[in-house]
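Work through the following exercises with the sequence and the model open side by side. Each task sentence is followed by a solution that goes step by step.

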Amino acid sequence: MKSVLSERMTIHLHDIEHRELPPAAAAAVRALASDIRHRLGDRPHTGTLQDPALLDQIEQRAAELPVAVRHAVRPPATPAGATVVRGFPVDDAEFGPTPQDWQAAAVTAADPRHLGSLELDIAMLLLARCAGEPFGWAGQQNGRLVNNIVPAVGHEDEQSGASSSTLLSPHTEDAFHAARANLLMLACVRNPDRVATTVSSVREVRLSEADLRTLTVPTLPILPDVSYGTDFDQPAPPLPTIWFDETDRATLRYDPAYTPLDDADPAFRAAYARLTEEFARVCHAPALAPGELLLVDNDVAVHGRVPFRARYDGTDRWLKRVNIRLPERRRRALESSENGYGQRVVAPFRASTDRTAERGRTDERADERGSVEQP
Ligand SMILES: [Fe+2]
């Protein structure tokens, strides 16, 4: 399949959930991020954000933040599966030029003239820790726990966050992997042309019973996207596109750009195409403004981006992204046997959450639908 949404698509501007981070709560996050940065001084923590001293600070001090912060970053509450959180102030002057690529973004986060990027990284880790467990991927952006999304020369037409002139087709983030995020948090540093992010929810589409049945049958694999490289030699298990969770609500794994649709029979391809059309029909298209956060429930909604012309002059659209695991979420039991094409998560907060869960656990058995806690 060439592209999921036609570039002539009609964007339906339904309202998605909006939340306000109260000013005192936003100020508390900023102040704590700034304090943590000061304490860390010149330690070499900007490359991957995996410095143990930084991680300790996040782990110990996220609890200091007001309850209103946790409330603002809870998972999206409506069937749209996405929420815009407003009220986190960013000052453009603190950021310096938009970096040329994610590599440059990691380096310039250490620039003492522009500390906004590093402080926003730290703030996002705090916010993400309030929501769940932030994690990264060893094979993506060098394992950095906060990814920078900027358009990069030579990548304009790719299906990755570095692209610009092509439509970034709606997709589940890291759909190929069983350890993919439950929740994505995107923060907008700048977006001068108000380029829209697209979000479509499987819980807002209308499909026939027959199509639903077809899409719940494991039929095709989903392969890793180009940001992980292209050298894979692993067996590729077929996956269901749609799966009903333990509350009988639809969840999905969907990434047509990395799904070999030509290998499926016509009935499956037709059902998949109808799902794709439905995603276009129910598409929300928030154009994030500086300081806005977009929370996407990655089990419920697919996301993408409309095409835009990159400027490459230091003023380009710049988002930051954190992957978040929600330890209480359950997924399809068979996912635990997937090999993930050798891609590993960097999950420094996993152990402490599991210890806490262990203490609070009474008699937790596998539920009757055979779900497992995700790996
Ligand atoms: Fe994505």
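## Exercise 1: Two arginines and a threonine

R321 lies in strand 12, where strands (E, at least two residues) and helices (H or I, at least four residues) are DSSP runs numbered from the N terminus. The model is a predicted one, in which local features need pLDDT of at least 70 and side-chain atom pairs count only at pLDDT 80 or more, while totals for chains, interfaces and linings use all residues. Residues are numbered from 1 along each chain as its sequence is written, and side-chain values use heavy atoms, with hydrogens and water left out.

**Task.** Determine which residues R321 touches, and whether R321 is buried or exposed.

**Solution.** Begin with accessibility: R321 has a relative accessibility of 10% and therefore counts as buried, the term meaning under 20% relative accessible area, with exposed over 50% and partly exposed in between (1.4 Å probe, protein chains only). Next, list the contacts, that is, heavy atoms within 4.5 Å. Leaving out residues up to four places away in sequence, R321 touches M124, Q140, L145, V146, N147, I149, E173, M185 and L186.

**Task.** Find which residues share the "binding site" annotation with R321, and where they lie in space.

**Solution.** The unreviewed UniProt entry gives this annotation to T197, R317 and R321; UniProt positions are in the numbering used here, feature names are shortened, and annotations may be inferred rather than shown by experiment. These residues span 125 residues in sequence, yet no two of their C-alpha atoms are more than 13.1 Å apart, so they gather at one spot. T197, R317 and R321 also belong to the lining of the largest pocket. On a 1 Å grid over the protein atoms alone, a pocket is an open set of points where a 1.4 Å probe fits, with protein on both sides within 12 Å along at least five of seven lines, and lining residues have an atom within 4 Å of a point.

Turn then to R317, which is found in the loop between strand 11 (301-305) and strand 12 (318-325). With 7% relative accessibility, R317 counts as buried. Beyond four places in sequence, its contacts include T98, I149, R190, T197 and F308. The side chains of R317 and T197 make a polar contact at 3.4 Å, a polar contact being a pair of N or O atoms within 3.5 Å; within protein, one must be able to donate a hydrogen and the other to accept it, and residues adjacent in sequence count only if both atoms are side-chain atoms.

## Exercise 2: The iron ion

**Task.** Identify which residues are the protein donors of the iron ion.

**Solution.** The protein donors are H171 (NE2), E173 (OE) and H303 (NE2), which lie 2.0 to 2.2 Å from the iron ion. Donors are N, O and S atoms within 2.8 Å of the metal (3.2 Å for Na, K and Ca), and water is not among the atoms, so sites may look incomplete. The donor residues follow the spacing H-x1-E-x129-H in sequence. E173, in the loop between strand 5 (168-171) and strand 6 (183-190), and H303, in strand 11, are 130 residues apart and link distant parts of the chain.

The UniProt record, an unreviewed entry, likewise places a "binding site" feature at H171, E173 and H303. They span 133 residues in sequence, yet no two of their C-alpha atoms are more than 7.8 Å apart, so they gather at one spot. H171, E173 and H303 are also part of the lining of the largest pocket.

**Task.** Describe what surrounds H171 and E173.

**Solution.** H171 is found in strand 5 and, at 10% relative accessibility, counts as buried. Apart from neighbours within four places in sequence, H171 is in contact with Y254, D255, V302, H303 and G304, and its side chain reaches the backbone oxygen of S169 at 2.7 Å. A polar contact of 3.3 Å joins the side chains of H171 and E173. E173 is buried as well, with a relative accessible area of 5%. Outside the same sequence window of four places, E173 touches R180, L184, N298, H303, R321 and N323, and the contact with R321 connects a donor of the iron ion with a residue of the annotated set in Exercise 1.
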